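Work through the exercises below with the model open beside you. Try each task before reading its solution.

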Amino acid sequence: DSGVAAKDMNFRAFALLGECPEIAASLLQSEKINFYDDQVFVKQPKTSERTAYHQDSSYFHFEGDQACTMWIPVDPVSFDSGTIRYVRGSHRWGFFKPNVFVSQMAFPGADGDTLPDIDGNEADYDIVSYELEPGDMLVHHHLTVHGSAGNATLRQTRRAASLRYCGDDIRFK
């Protein structure tokens, strides 16, 4: 689901009044923080589809450097249930076209360069991932290239909230 903070008062309070904005301001070294948007992701057990490598910024309508995504699971996340895989240092690569998430196919007419075939050549990249417990948090720069495997478990659903924050230098395109 997307835009949950606009529909659910408790989620909105968590996103706007909890510790997340304060953490984002500190990490981004920003005087002011703006909540940009949110999504809730669910990968059911036995989901074979991967989330293709992508940058979050490709889907947003802003420019600047001070923006981040916080990914907060509510279920244990294991390598089998689909950890997020980050390409270390990729936030310095530039801007890539958005894709359709389960495929590397770029949106027709989209701005940006074509993302390298990381899915087919993971051994050629410095990829890191982490197993997580409910309440842990991953934070990444909006240009960091990342993706995830499917959920190969038989019974463990993988659910997480994704919150996006913008700092002082972010401007709408």
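Two strands count as paired if DSSP finds at least two bridges between them. Helices (H or I, at least four residues) and strands (E, at least two) are DSSP runs, numbered from the N terminus. The model is predicted: local features need pLDDT of at least 70, side-chain atom pairs count only at pLDDT 80 or more, and totals for chains, interfaces and linings use all residues. Residues are numbered from 1 along each chain as its sequence is written, and side-chain values use heavy atoms, without hydrogens and water.

**Exercise 1. Trace the open sheet and find its edges.**

Step 1: Start with β2 and β8 (residues 146-148), which pair in the antiparallel sense over two bridges. Thr51 stands opposite Ser148 in β8.

Step 2: Extend the sheet. Its four strands run in the order β2-β8-β5-β6, with antiparallel pairing.

Step 3: Name the edges. β2 (51-54) and β6 (127-129) each have a single partner strand, so one side of each lacks a neighbour in the sheet.

Step 4: Add the twist. Neighbouring strands are turned by 25° against each other on average, direction ignored. Axes here are lines fitted to C-alpha atoms, for helices over the stretch in contact, and angles run from 0 to 180 degrees between N-to-C directions.

**Exercise 2. Sort the two faces of helix α3.**

Step 1: Set the cut-offs. Buried means under 20% relative accessible area, exposed over 50%, partly exposed in between (1.4 Å probe, protein chains only).

Step 2: List the buried residues of α3 (residues 20-28): Cys20, Pro21, Ala24, Ala25 and Leu28.

Step 3: Look down the axis. These buried residues fall within an arc of 135°, so they line one face of the helix. The arc is taken from the directions from the helix axis to the C-beta atoms.

Step 4: Turn to the face away from the buried side. Exposed Glu22, Ser26 and Leu27 sit there.

**Exercise 3. Describe the second largest pocket.**

Step 1: Define it. On a 1 Å grid over the protein atoms alone, a pocket is an open set of points where a 1.4 Å probe fits, with protein on both sides within 12 Å along at least five of seven lines; lining residues have an atom within 4 Å of a point.

Step 2: Give the volume, the space filled by probe spheres set on points joined across faces, edges and corners. The second largest pocket has about 190 Å³.

Step 3: Assign the lining. β5 (84-87) and β7 (138-141) are the elements that give two or more residues. The largest share, three residues, comes from β7.
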